[in-house]
Amino acid sequence: MNVRYTGPKVRLSRRAGVPLTRKAVRYFEQRPYPPGEHGRKTNRRTTGDYGLRLMEKQKLRWFYDVSERQLRRYWDLAVRKSGASGAELVVLLESRLASLVLRAGLAPSIYAARQYVTHGHISVDGRKVDIPSYLVKPGQVVAVRERSRPMQPFVAAAEGVYADERIAPYLSVDHAKLTFTLAARPEREQIVVPVDEQLVVEFYSR
């Protein structure tokens with residue numbers, strides 16, 4: 001199935017076994033088991049090898065809000081690179097414009113970040129970019145466009161409401177000005193994503 005999941009994100013988080021949005025964290029602490037009437041009885045450890053690999057691949061998809069077709073395309077790109085394929089896959093996903101808008105603290109979730117980009121609120125090097133999958137290169141400056149800054153979500157972002165406790169080391173962020181620069185190519189060990197990409201490699205390599 002190539003469509004992106006657009007249903008309740010908390011339910012998705014419970015399926016994945018990890019909170020995928022900040023809002024989901026609270027719900028997840030209260031109900032840390034899969035959704036559905038049999039959720040409490042489900043033991044994730046009893047899932048077979050294929051099921052585990054499939055779930056890690058799905059978690060990666062959900063975390064970055066990409067379709068199956070998009071993820072497969074990134075996998076094909078990652079395999080062609082000289083580094084470890086799994087690490088390269090995560091770096092590519094992290095370098096997407098929507099991912100970095102979230103990581104910089106300009107959006108409360110990956111879903112909001114995607115929406116901000118598609119609605120034309122974001123610029124790269126001074127030019128509007130409305131493609132969430134745009135791959136940002138080191139040195140490029142991303143900003144909320146001037147006319148969008150009075151909007152409530154961006155006023156909150158300027159106050160640091162969505163910012164993580166620690167800014168990712170590959171980003172240089174100025175929340176007050178609603179801008180950030182990709183200072184360097186992300187390294188896999190710097191990227192906080194709750195996925196074992198080796199299982200994703202095994203899924204695609206089977």
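**Notebook: buried spots and crossing helices**

I began with Gly 105, which counts as buried because its relative accessibility is 0%, and the cut-off for buried is under 20%. The model I am reading is a predicted one.

**Entry 1: Gly 105**

I looked up where Gly 105 sits. It lies in the loop between H6 and H7. Next I listed what it touches. Leaving out residues up to four places away in sequence, Gly 105 touches Ala 157, Tyr 162, Ala 163 and His 175. I then checked His 175 along the chain. Gly 105 and His 175 are 70 residues apart in sequence, yet their C-alpha atoms are separated by 7.7 Å.

**Entry 2: the whole chain**

I stepped back to see the overall layout. I found 9 helices and 5 strands. Along the sequence the pattern reads α-α-α-α-α-α-α-β-β-β-α-β-β-α. The chain has 206 residues, and 46% of them are buried. I also looked at contacts between residues at least 6 apart in sequence. Of these, 58% join residues at least 24 apart.

**Entry 3: Ser 99**

I moved to helix H6, which covers residues 97-103 and holds Ser 99. Is Ser 99 buried or exposed? Its relative accessible area is 3%. The cut-off for buried is under 20%, so Ser 99 is buried. I then looked for a polar partner. A polar atom of the Ser 99 side chain lies 2.7 Å from the backbone oxygen of Leu 93. Leu 93 also appears in the contact list for Ser 99, together with Tyr 64, Glu 94 and Ile 110. That list leaves out residues up to four places away in sequence.

**Entry 4: helix H7**

Ile 110 led me to H7, which runs over residues 110-118. How many of its 9 residues are buried? I noted 7, and H7 is mostly covered. The buried ones are Ile 110, Tyr 111, Ala 112, Ala 113, Arg 114, Tyr 116 and Val 117. After H7 comes Gly 120, and I recorded a positive phi for it, near 80 degrees.

**Entry 5: H3 against H9**

I reminded myself how to describe such a pair. Two packed helices are described by the angle between their axes and by the distance between those axes. I took H3 (residues 49-64) and H9 (residues 197-205). They pack at an angle of about 110 degrees, and their axes are 8 Å apart. Angles from 65 to 115 degrees count as roughly perpendicular, so H3 and H9 are roughly perpendicular to each other. Their crossing is left-handed.

Which residues meet here? H3 brings Tyr 50, Leu 52, Arg 53, Leu 54, Glu 56, Lys 57 and Leu 60. H9 brings Leu 199, Val 200, Glu 202, Phe 203 and Tyr 204. By class, I noted 8 nonpolar, 4 charged and no polar residues in the contact of H3 with H9.

**Entry 6: H5 against H9**

I then looked at H5 (residues 85-94) with H9. Their axes cross at roughly 105 degrees and come within 8 Å. H5 and H9 are therefore roughly perpendicular to each other. From H5, the contact uses Ser 85, Gly 86, Ala 87, Leu 89 and Val 90. From H9, it uses Glu 197, Val 200 and Val 201. I noted 5 nonpolar, 2 polar and 1 charged residue in the contact of H5 with H9. Val 200 is listed in the contact with H3 and in the contact with H5.

Key. Residues are numbered from 1 along each chain as its sequence is written. Side-chain values use heavy atoms; hydrogens and water are left out. Helices (H or I, at least four residues) and strands (E, at least two) are DSSP runs, numbered from the N terminus. Buried means under 20% relative accessible area, exposed over 50%, partly exposed in between (1.4 Å probe, protein chains only). A polar contact is a pair of N or O atoms within 3.5 Å; within protein, one must be able to donate a hydrogen and the other to accept it, and residues adjacent in sequence count only if both atoms are side-chain atoms. Contact means heavy atoms within 4.5 Å. Axes are lines fitted to C-alpha atoms, for helices over the stretch in contact, and angles run from 0 to 180 degrees between N-to-C directions. Angles under 35 degrees count as roughly parallel, over 145 as roughly antiparallel, 65 to 115 as roughly perpendicular and the rest as oblique. A crossing is left-handed if the near helix is turned anticlockwise from the far one by less than a right angle, and right-handed if clockwise. Ala, Val, Leu, Ile, Met, Phe, Trp, Tyr, Cys and Pro count as nonpolar, Asp, Glu, Lys and Arg as charged, and the others, Gly among them, as polar.
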